[in-house]
Amino acid sequence: MAGGYSPGFHPHLPGAGYNFLAKALGASMWFFIFYRARKDGAKLLGNHGFDDHHGHGDSHGAHH
């Protein structure tokens with residue numbers, strides 16, 4: 001083939017600004033997910049707080 005043409009798809013690489021922005025947005029997404037998992041993870045996994053029967057205000061000390 002004349003002119004140095006090679007068949008196939010040859011995409012251009014993204015610029016440095018787009019590469020940095022993609023990594024910054026991805027990192028902030030994971031930091032937010034881990035932050036919310038730390039705050040709400042127990043509820044998400046099934047510990048809802050009202051399932052605990054030890055602190056419901058019984059003054060006579062009887063357990064169910």
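F34 is an exposed residue here, with a relative accessible area of 55%. Keep in mind that this is a predicted model. The protein chain has 1 helix and 0 strands, and of its 64 residues, just 2% are buried. So what follows is mostly a tour of helix α1, which covers residues 16-44.

**Overall picture**

- The protein chain exposes about 6,400 Å², and 65% of that comes from carbon and sulfur atoms.
- Residues 16-35 are listed in UniProt as "transmembrane region", and the entry is an unreviewed one.
- That stretch, residues 16-35, is 100% helix and 0% strand in the model, with 28 Å between the C-alpha atoms at its ends.

**The aromatic pair**

- The structure has 1 aromatic pair, and the partners are W30 and F34.
- Their rings sit 5.8 Å apart, centre to centre, with 35° between the planes, and the pair counts as tilted.
- The tilted label follows because planes under 30 degrees apart would count as stacked and those over 60 as edge-to-face.
- Both residues belong to helix α1, where they are 4 residues apart, or about one turn of the helix.
- W30 has 46% relative accessibility and is partly exposed, whereas F34 reaches 55% and is exposed. The labels differ because exposed means over 50%.

**The nonpolar surface patch**

- W30 and F34 turn up again in a nonpolar patch on the surface, along with M29, F32, I33 and Y35.
- Together these residues offer about 670 Å² of accessible area.
- I33, one of the patch members, lies in helix α1 and is partly exposed at 36% relative accessible area.
- I33 qualifies for a patch on accessibility because the cut-off is over 30% relative accessible area.

**The salt bridge**

- How many salt bridges does the model have? The count is 1.
- It links D40 and R36, whose closest N and O atoms are 2.5 Å apart.
- That distance makes the contact a salt bridge because the nitrogen and the carboxyl oxygen need to be within 4 Å.
- Where do D40 and R36 sit relative to each other in helix α1? They are 4 residues apart, which means about one helical turn separates them.
- Neither end is buried: D40 is partly exposed at 38% relative accessibility, and R36 is partly exposed at 33%.

**Kink and helix end**

- Helix α1 has a kink of about 55°, centred on R38.
- Just after α1 comes G46, which takes a positive phi of about 120°.

Terms used: Residues numbered from 1 in each chain as written. Predicted model: local features only at pLDDT ≥ 70, side-chain atom pairs only at ≥ 80, totals over all residues. Heavy atoms only, no water. Patch = residues over 30% accessible without salt bridge, like charges linked within 9 Å, V, L, I, M, F, W, Y side chains within 5 Å. Areas by Shrake-Rupley, 256 points an atom, 1.4 Å probe, with all protein chains shown as cover. Salt bridge = Lys/Arg side-chain N within 4 Å of Asp/Glu carboxyl O. Helix = DSSP H or I, 4+ residues; strand = E, 2+ residues; numbered from the N terminus. Buried < 20%, exposed > 50% of the residue type's maximum accessible area, 1.4 Å probe, protein only. UniProt positions renumbered as here; feature names shortened; annotations may be inferred. Bend = angle between axes of the 7 residues up to and from the residue. Phe/Tyr/Trp six-rings, centres within 6.5 Å; stacked < 30°, edge-to-face > 60°.
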